[in-house]
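Open the model in your viewer and keep the selection tool at hand. The stops below follow one another; select, look, move on.

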Amino acid sequence: MNSDNFWDEEQVGKRVGTKLRNLRSMKGLSIEGLANHIGVSKLTLGKIERGEANPTLSVLWKIASGLSVPLTSLFSVESDVLISRKKEGFQFNSSDKVFIVEHMFNNNSQSFELFRGYLQPYSEYESEAHPAGVVEYVTVMSGELTIEVRGNTYVLQKHDSICFKADNAHKYINPSSELAELHFTISYQNIT
């Protein structure tokens, strides 16, 4: 990472902790109340709030969903101009590290989020259901991808795109020997 990159992991960890504490307080939730609501331990939430933990993608999704906020609101930075360079953004990992999602830009309107995704060869990642009304748009930038949504399977090649309601568990599968590079837009415009 270059020296002008504001996605330093320690800095982001502290930013996430501060944002989590502020959002939780604004919603009138105790750490214990939020922990019980989202199924993440009170100890883990406390460590995240203090900037002492590097939460997985799954934990961050649970926190954002539990607080009814977009994922990126947990670490937003305000600026007039931002550049998102490949592999320099803050990255979220699945617990087994086969799926990496890289945040691209903050959207202060909180109606959508942009990410790059990297799914390792011959691997899969199952995403938990997002809140009702969340829609995912996924474009394969390189490699190939199979997506399972609502019991149906869709095979995507380079530059193919798919759009689906993400309020059920869905699975991303890379059936090839090549890294699958993806572009995600997650829309919150129709959240009920």
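In which loop does Ser-68 lie? Select Ser-68: it lies in the loop between α4 and β1. Helices (H or I, at least four residues) and strands (E, at least two) are DSSP runs, numbered from the N terminus.

Before going further, note the ground rules. This is a predicted model, in which local features need pLDDT of at least 70, side-chain atom pairs count only at pLDDT 80 or more, and totals for chains, interfaces and linings use all residues. Residues are numbered from 1 along each chain as its sequence is written, and side-chain values use heavy atoms, with hydrogens and water left out.

**Stop 1: two positive phi angles**

Stay on Ser-68. Its phi is positive, about 60°, although Ser-68 is not a glycine. Most residues other than glycine have a negative phi. Ser-68 is exposed, with a relative accessible area of 60%. Here exposed means over 50% relative accessible area, buried under 20%, and partly exposed in between (1.4 Å probe, protein chains only).

Now pick Lys-97, in the loop between β1 and β2. Lys-97 is not a glycine either, and its phi is positive, near 65°. Its relative accessible area is 56%, so Lys-97 is exposed.

**Stop 2: Val-98**

Step to Val-98, in the loop between β1 (91–93) and β2 (99–105). Val-98 counts as buried, at 18% relative accessibility. Show its contacts (heavy atoms within 4.5 Å). Beyond neighbours within four places in sequence, Val-98 touches Tyr-118, Leu-119, Gln-120, Ser-123 and Glu-124. Draw a C-alpha to C-alpha distance from Val-98 to Glu-124: 7.2 Å, across 26 residues of sequence.

**Stop 3: the helices**

Select α3, residues 42–49. Leu-45, Gly-46, Ile-48 and Glu-49 are buried there. Look down the axis of α3: these buried residues fall within an arc of 160°, so they line one face of the helix. The arc is that of the directions from the helix axis to the C-beta atoms. Just after α3 comes Gly-51, with a positive phi of about 75°.

Move to α4. Eight of its eleven residues are buried, so α4 is largely enclosed by the rest of the structure. Among the buried ones are Leu-57, Trp-61 and Ala-64.

**Stop 4: strand β10**

Select residues 180–187. Seven of the eight residues of β10 are buried, so this strand is largely enclosed by the rest of the structure. Add β3 (residues 112–119), antiparallel to β10 and joined to it by eight bridges. Leu-119 has Ala-180 as its bridge partner. Then add β5 (residues 135–142), which pairs with β10 in the antiparallel sense over seven bridges. Glu-136 stands opposite Ile-186. Strands pair if DSSP finds at least two bridges between them.

**Stop 5: the cavities**

How many cavities of 30 Å³ or more does a search of the whole structure find? Two. A cavity is a set of points on a 1 Å grid over the protein atoms alone where a 1.4 Å probe fits but cannot get out; lining residues have an atom within 4 Å of a point.

The largest has a volume of about 90 Å³. Its lining includes Leu-57, Trp-61, Glu-136, Phe-184 and Ile-186. α4, β2, β4 (123–127) and β10 each supply at least two lining residues.

Finish at the second largest cavity, about 70 Å³. Eleven residues line it, and Ala-64, Ser-65, Val-69, Pro-131 and Tyr-188 lie nearest its centre.

Terms used. 1 Å grid on protein atoms, 1.4 Å probe; cavity = no way out; pocket = protein on both sides within 12 Å on 5 of 7 lines; lining within 4 Å. Points joined across faces, edges and corners; volume = space filled by probe spheres on them.
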